[in-house]
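Grab your viewer and work through the exercises below. Each one sets a task and then walks through a solution.

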Amino acid sequence: TVYKSGEAQPVQEIESYTMEKGGKTYSLSIYIAPRRMKGTANLMIEDDLWVRFGSTGRTRKLSSSAKKNSAGGTDFSYADMGDGGQGLSEKYTPRLDGEETIEGERCYKIELVADGSDAPYEKMIVYITKDTYRYMKIEYFENNANIKSMTFYDYRTINGTDYPFRYVMESHIKPSVTEVEVDIFEINSRRVQDRFFTTGYLESIR
């Protein structure tokens with residue numbers, strides 16, 4: 001749900017699938033609702049991103065710069081919706097910057113500085129709990145300013161993996177907040193199929 005100036009916009013419902021195979025990371029997100037977005041889908045293979053637009057039925061591969069654009073009018077960028085490759089460790093250099101308490105949890109404060117121009121943000125500050133190593137908050141920086149922050153809530157353990165069932169992205173440059181609530185989360189799910197992660201499947205989505 002996106003809140004603009006405190007007013008809730010129509011709820012977006014999304015099915016997402018991820019897979020790691022052959023040393024590569026794949027992800028697919030398909031919009032189920034609202035009606036105006038039904039059939040829109042994002043496919044990411046490593047750092048390559050394709051978007052199928054439900055309104056036109058066309059599929060387009062996005063440039064690296066376009067990945068910074070808003071996904072579906074939310075406070076998440078396309079880059080936020082899939083880390084690609086080895087994730088943060090591939091594009092950022094970490095530095096321990098002390099400790100802080102976030103949402104009542106004592107956390108390590110870790111500064112991540114971009115290694116090159118292909119990183120989606122110039123810097124991020126990540127807060128990870130000391131005892132369970134859960135992400136509690138991420139602050140995103142551009143032009144030396146904190147442009148938005150994401151906070152994680154309601155962690156649950158699924159098959160030995162901790163996962164937040166609620167997370168909130170708040171913009172610091174406009175009056176907008178995006179709240180994500182997870183209904184179903186599966187690990188090693190039989191629903192995930194290799195054929196999902198092809199441009200051919202992307203174009204077949206209705």
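## Exercise 1: Salt bridges

The whole structure holds 17 salt bridges, counting a side-chain nitrogen of Lys or Arg within 4 Å of a carboxyl oxygen of Asp or Glu. Before you dig in: this is a predicted model, where local features need pLDDT of at least 70 and side-chain atom pairs count only at pLDDT 80 or more, while totals for chains, interfaces and linings use all residues. Residues are numbered from 1 along each chain as its sequence is written, and side-chain values use heavy atoms, with hydrogens and water left out.

Task: work out which parts the salt bridge between Glu99 and Lys130 ties together.

Solution.
- Start with the distance: the closest N and O atoms of Glu99 and Lys130 are 2.9 Å apart.
- Next, place the partners. Glu99 sits in strand β8 (residues 92–102) and Lys130 in the loop between β10 and β11 (135–142), so the bridge links parts that are 31 residues apart in sequence. Strands here are DSSP runs (E, at least two residues), numbered from the N terminus.
- Then check accessibility. Glu99 is partly exposed at 35% relative accessible area, and Lys130 is partly exposed at 30%. The scale: buried is under 20%, exposed is over 50%, and partly exposed is in between (1.4 Å probe, protein chains only).

## Exercise 2: Two more pairs and a network

Task: find how far apart N and O are in the Glu100–Lys109 salt bridge, and say whether Lys109 is buried or exposed.

Solution.
- The N to O distance for Glu100 and Lys109 is 3.5 Å.
- Lys109 is buried, with a relative accessible area of 15%, whereas Glu100 is partly exposed at 29%.
- For another pair, try Asp154 and Arg156, whose side chains meet at 2.8 Å, N to O. Asp154 is partly exposed at 39%, and Arg156 is partly exposed at 39% too.
- Now look for shared partners: salt bridges join Arg95, Asp97, Glu100, Lys109, Glu111 and Lys123 into one network.
- Zoom in on Lys123, which lies in strand β10 (residues 123–129). Lys123 counts as buried because its relative accessibility is 17%.
- Leaving out neighbours within four places in sequence, Lys123 has contacts (heavy atoms within 4.5 Å) that include Glu111, Val113, Glu139 and Phe141.

## Exercise 3: The cores

Task: which residues have the most contacts inside the largest nonpolar core?

Solution.
- A nonpolar core is a set of buried Ala, Val, Leu, Ile, Met, Phe, Trp, Tyr and Cys residues joined through side-chain atoms within 4.5 Å.
- The largest one has 19 residues, and Met124, Ile138, Tyr140 and Met150 have the most contacts inside it.
- By element, β9 (105–114), β10, β11, β12 (145–158) and β13 (161–171) each give two or more residues to this core. The largest share, 4 residues, comes from β12.
- Met150 touches, among others, Phe76, Ile138, Tyr140 and Tyr167.
- There's also a second, separate core of 14 residues, including Tyr17, Ile30, Leu43 and Phe197.

## Exercise 4: The sheet

Task: say which strands stand at the edges of the open sheet.

Solution.
- Write down the order of the 9 strands: β2-β1-β14-β13-β12-β11-β10-β9-β8, with antiparallel pairing. Pairing takes at least two DSSP bridges between two strands.
- β2 (7–8) and β8 are the edge strands: each has a single partner, so one side of each lacks a neighbour in the sheet.
- Finish with β8 and β9, which pair antiparallel over 9 bridges. Thr101 stands opposite Arg106 in β9.
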